Amino acid sequence: MEIIHFAGYTQEEKFRIAKNFLMKKQMEAHGLGDARVEFSDDALRFIADHYTREAGVRSLERQIASILRKVAKKVAEGKKEKVLVTKKNVTKFLGAAKFNATIVEKNDEIGMSTGLAWTEAGGDILFIEVALMPGKGNLLLTGQLGDVMKDPARRQ
């Protein structure tokens, strides 16, 4: 097996960055103070897990900003109570989750192979589909493929 390293933050690092830096920055940008809105730790982790999929935190910051815009609108309309963002009500602010854990196929399928992807930010299951194509039977492998990737492609 060949290991390919991708630089990025772990989910725990993303959570800490959001809690310690992004929240304050976005609250100030939207004219909200701590007295107006509060995010639970579970909500921040849920947003990072189900609404972002990247090595950095830009998308996470955009999702937080989206929620805070909606809170700022409620405040501008006269709502005086503090808004608590929890894991349960995140979908009310952001809609359905964009990313869910991949479910492994229960039955083997002809023309489909299963692989694993791993980064410092987490891992996932990959489904690789195969298609027969007309041609001379020559296979040209391009890109920076390691021996582990080249060998199965060459086997007849």
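Helices and strands here are DSSP runs, with at least four residues for a helix and at least two for a strand, numbered from the N terminus. On that basis, the predicted model comes out with 5 helices and 4 strands. Walking along the sequence, the order of these elements is α-β-α-α-β-α-β-β-α.

For the chain as a whole, 24% of the 156 residues count as buried. Among contacts with a separation of 6 or more, 66% join residues that sit 24 or more positions apart. The exposed surface adds up to about 11600 Å², and carbon and sulfur atoms supply 53% of that area.

Helix H3 is worth a closer look. It runs over residues 58-76, and its 19 residues should span 27 Å at 1.5 Å a residue; the end C-alpha atoms lie 26 Å apart, so the expected and computed lengths agree. Quite a list of H3 residues is buried: Ser-59, Leu-60, Glu-61, Gln-63, Ile-64, Ala-65, Ser-66, Ile-67, Leu-68 and Val-71. As for what sits over them, the cover includes helices H1 (11-29), H2 (41-50) and H4 (90-94), along with strands S1 (37-39) and S2 (83-85). Just past the end of H3 comes Gly-78, with a positive phi of about 110°.

Gln-63 makes a handy example from this helix. Its relative accessibility is 10%, and since buried means under 20%, Gln-63 falls in the buried class. Setting aside neighbours within four places in sequence, Gln-63 touches Ile-47, Tyr-51, Thr-52, Leu-94 and Lys-98. Of these partners, Ile-47 falls within the range of H2, and Leu-94 within that of H4, two of the helices that help cover the buried part of H3.

Then there are the pockets. The second largest one has a volume of about 230 Å³. Its lining is made up of Lys-19, Met-23, Lys-24, Met-27, Asp-34, Val-37, Glu-38, Phe-39, Asp-41, Leu-44 and Lys-82. H1, S1 and H2 are the elements that each give two or more residues to this lining, and H1 gives the most, with 4 residues. Sorted by class, the lining of this pocket holds 6 charged and 5 nonpolar residues, with no polar ones. H1, S1 and H2 also turn up in the cover over the buried residues of H3, so to speak doing double duty alongside their part in the pocket lining.

Key:
Residues are numbered from 1 along each chain as its sequence is written. This is a predicted model: local features need pLDDT of at least 70, side-chain atom pairs count only at pLDDT 80 or more; totals for chains, interfaces and linings use all residues. Side-chain values use heavy atoms; hydrogens and water are left out. The expected span of a helix is 1.5 Å times one less than its number of residues. Buried means under 20% relative accessible area, exposed over 50%, partly exposed in between (1.4 Å probe, protein chains only). Contact means heavy atoms within 4.5 Å. Accessible areas come from the Shrake-Rupley method with a 1.4 Å probe; for residues, only the protein chains shown count as cover. On a 1 Å grid over the protein atoms alone, a cavity is a set of points where a 1.4 Å probe fits but cannot get out, and a pocket is an open set with protein on both sides within 12 Å along at least five of seven lines; lining residues have an atom within 4 Å of a point. Grid points are joined across faces, edges and corners, and a volume is the space filled by probe spheres set on the points. Ala, Val, Leu, Ile, Met, Phe, Trp, Tyr, Cys and Pro count as nonpolar, Asp, Glu, Lys and Arg as charged, and the others, Gly among them, as polar.
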